[in-house]
Amino acid sequence: RTEWWYLTGEIEDEDGASFGFQVTIFRQGLDANAPRAGDAPLRARHALAAHVALADVATGTLHHAERLRRMGAGLAWASEVELDVGVEDVTIRREPDGRLLVSAGAREAGFALDLVLAPEKPVVMHGATGVSQKGPERGNASAYASFPRLAARGTLTRDGRARAVSGAAWFDHEWGTSQLGEGVVGWDWTGLRLDDGRELMLYRLRRADGSPSPFSAGTLVSPDGTSRSLAPGDFEFAPTGTWKSDASGAVYPVRWRVAVPSAGIAGTLAARIEACEIDGRASTGTIYWEGPARLAGTTTGSGYLELSGYATSLATRF
C-alpha cells in the first residue's frame with residue numbers, strides 16, 4: 001500500500017558552499033483490485049507525492065517544495081520492473097550502467113537539482129534478506145533496500161544561476177502495507193557515511209511514551225560492501241538535545257548519542273541545521289524533520305537524520 005524512494009545527500013558547489021538535499025517520492029495505493037472493464041482511464045488507483053528540499057548550511061535555512069498527483073496521464077508514474085519513478089518535474093531513474101539520474105524541480109522554492117549518482121557499493125538488503133520486521137504482527141514489516149554510498153555530480157540551480165556540485169548521497173527504497181506495530185507513533189532514523197569507509201543505518205521505532213520499540217534495528221556496512229544487521233542490544237541511539245518548531249510547536253531531538261560497541265563506534269550526532277521541519281500536509285498529510293547531520297567522536301562521518309511522529313502521530317498512516 002505504501003512505498004517510497006528516498007534520496008538524501010550532501011554536496012558542495014565550486015565556491016565551497018555546502019548543501020544538504022532530499023528528493024523523496026511516495027506512492028500510496030488506493031485500490032488493490034485489478035482494473036475492471038469499463039473503468040474510467042483516470043480512475044485513481046495510486047497517488048504519488050514528491051518532496052524536494054535544500055538545506056543551505058551557510059545561511060542555516062531550508063527550502064522545500066511538494067507535489068501530489070494521481071498515477072497516469074504522464075503526470076506521475078512508477079515502473080514495476082525497473083527504477084523509474086516521477087511526479088511532474090521530480091524524477092528518479094536508473095540507467096543500464098547502474099547510475100541513477102535525478103532531476104528535481106522546486107521552482108516555487110527557487111531551486112532545481114540535476115544529479116548523476118554512481119553507486120560505490122552494491123545494494124544493501126536490510127533485515128532478513130531485505131525484509132525489515134517492524135512489529136509483532138504478520139505484515140508489520142517492509143521490504144527495504146539501499147545504495148548507502150553514491151558519488152554525486154551535477155548541477156544546482158538557484159535563483160537562475162547554475163553551479164556545478166559534487167558530493168555523496170544515500171538512496172533507500174522501501175515498501176509495505178502495515179509496517180508499524182501497535183502503539184508506535186513515529187520513528188527516528190539516520191543513514192551515515194563514516195569517514196573510515198563504513199556506513200551505518202539506525203532506526204528507533206518510538207512508542208507514545210517516547211520509549212523505543214524492541215523492533216528498532218540497524219545495519220552496519222563494511223568497506224567491502226558486506227553488511228550485518230544490528231538488534232536493539234547492539235547499538236545506542238539516544239536523544240541528548242532538542243529544537244522546537246515555532247510553526248508546529250513540535251519538539252524534535254536534533255542531537256543524539258550514537259554507539260555500536262562491537263564496531264568501535266561512539267560519538268555525538270548533531271544536526272548541521274536545526275530548523276529543518278518539513279510541512280507536507282498538502283501532499284502526504286504529514287509534518288516531519290529531515291536534515292543533514294554530522295557524527296563526531298571516536299568515529300566520524302556525516303549523512304541525514306529523519307524524525308517523524310512528533311507533530312502528529314503516524315500510527316494510522318503506516
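**Entry 1: salt bridges**

A salt bridge here is a side-chain nitrogen of Lys or Arg within 4 Å of a carboxyl oxygen of Asp or Glu. With that in hand, I looked up the total for this predicted model, and the structure holds 25 salt bridges. A reminder to myself on the background: side chains of opposite charge can pair when their charged atoms come close.

I began with Glu-88, which is found in the loop between S6 and S7. Which residues does Glu-88 pair with? One partner is Arg-67, and the closest N and O atoms of that salt bridge are 3.6 Å apart. Arg-67 sits in strand S4, and the loop that holds Glu-88 runs between strand S6 (84-87) and strand S7 (90-94), so I noted this pair as a link between distant parts of the chain, 21 residues apart. The side chains of Glu-88 and Arg-69 also meet in a salt bridge, at 2.4 Å from N to O. Arg-69 lies in strand S4 and Glu-88 in the loop between S6 and S7, so this pair ties together parts that are 19 residues apart in sequence.

Next I checked how open these three residues are. Arg-67 has 6% relative accessibility and counts as buried. Glu-88, at 26%, counts as partly exposed, and Arg-69, at 35%, also counts as partly exposed.

I then followed the connections outward. Arg-67, Arg-69, Glu-88, Asp-89, Arg-107 and Glu-108 are linked in a network of salt bridges.

**Entry 2: a buried pair**

I turned to Asp-188 and Arg-204. They form a salt bridge whose closest N and O atoms are 2.9 Å apart. Asp-188 lies in strand S14 (residues 184-194) and Arg-204 in strand S15 (residues 199-207), so the pair ties together parts that are 16 residues apart in sequence. Is this pair buried or exposed? I found that both Asp-188 and Arg-204 are buried.

**Entry 3: positive phi values**

Back to Glu-88, this time for its backbone. Its phi is near 55 degrees, a positive value in a residue other than glycine. I came across Ala-73 as well, with phi near 60 degrees, again positive in a residue other than glycine. Ala-73 has its place in the loop between S4 and strand S5 (76-78). Is Ala-73 buried or exposed? Its relative accessibility is 64%, so I wrote it down as exposed.

**Entry 4: the second largest cavity**

I looked for enclosed space next. Searching the whole structure turns up two cavities of 30 Å³ or more. I took the second largest, which has a volume of about 40 Å³. Which residues line this second largest cavity? The lining is made of Gln-22, His-51, Val-52, Ala-53, His-64, Ala-65, Glu-66, Ile-278 and Asp-279. Strand S3 (46-56), strand S4 (61-70) and strand S21 (277-280) are the elements that give two or more residues to this lining. Sorted by class, I have four nonpolar, three polar and two charged residues in the lining.

**Entry 5: Ser-142**

My next stop was Ser-142, in strand S12 (residues 141-158). Its relative accessibility is 3%, and buried means under 20%, so Ser-142 counts as buried. What does the side chain of Ser-142 make a polar contact with? The partner is the side chain of Lys-134, at 2.9 Å.

**Entry 6: two residues of strand S9**

I finished on strand S9. Ala-112 is found there, in the strand that covers residues 111-119, and Val-116 has its place in strand S9 too.

Ala-112 came up at 22% relative accessibility, which counts as partly exposed. Leaving out residues up to four places away in sequence, I listed what Ala-112 touches: Ala-104, Gly-105, Ala-106, Thr-155, Leu-156 and Thr-157. For Thr-157 I also looked up the C-alpha separation: the C-alpha atoms of Ala-112 and Thr-157 are separated by 5.1 Å, with their positions 45 residues apart along the chain.

Val-116 is partly exposed, with a relative accessible area of 31%. Setting aside neighbours within four places in sequence, I found Val-116 in contact with Arg-99, Leu-100, Leu-101, Ala-151, Ala-152 and Arg-153. I also looked up Val-116 against Ala-53: these two are 63 residues apart along the chain, and their C-alpha atoms are separated by 17 Å. Ala-53 is one of the residues that line the second largest cavity from Entry 4.

Key. Residues are numbered from 1 along each chain as its sequence is written. This is a predicted model: local features need pLDDT of at least 70, side-chain atom pairs count only at pLDDT 80 or more; totals for chains, interfaces and linings use all residues. Side-chain values use heavy atoms; hydrogens and water are left out. On a 1 Å grid over the protein atoms alone, a cavity is a set of points where a 1.4 Å probe fits but cannot get out, and a pocket is an open set with protein on both sides within 12 Å along at least five of seven lines; lining residues have an atom within 4 Å of a point. Grid points are joined across faces, edges and corners, and a volume is the space filled by probe spheres set on the points. Helices (H or I, at least four residues) and strands (E, at least two) are DSSP runs, numbered from the N terminus. Ala, Val, Leu, Ile, Met, Phe, Trp, Tyr, Cys and Pro count as nonpolar, Asp, Glu, Lys and Arg as charged, and the others, Gly among them, as polar. Buried means under 20% relative accessible area, exposed over 50%, partly exposed in between (1.4 Å probe, protein chains only). A polar contact is a pair of N or O atoms within 3.5 Å; within protein, one must be able to donate a hydrogen and the other to accept it, and residues adjacent in sequence count only if both atoms are side-chain atoms. Contact means heavy atoms within 4.5 Å.
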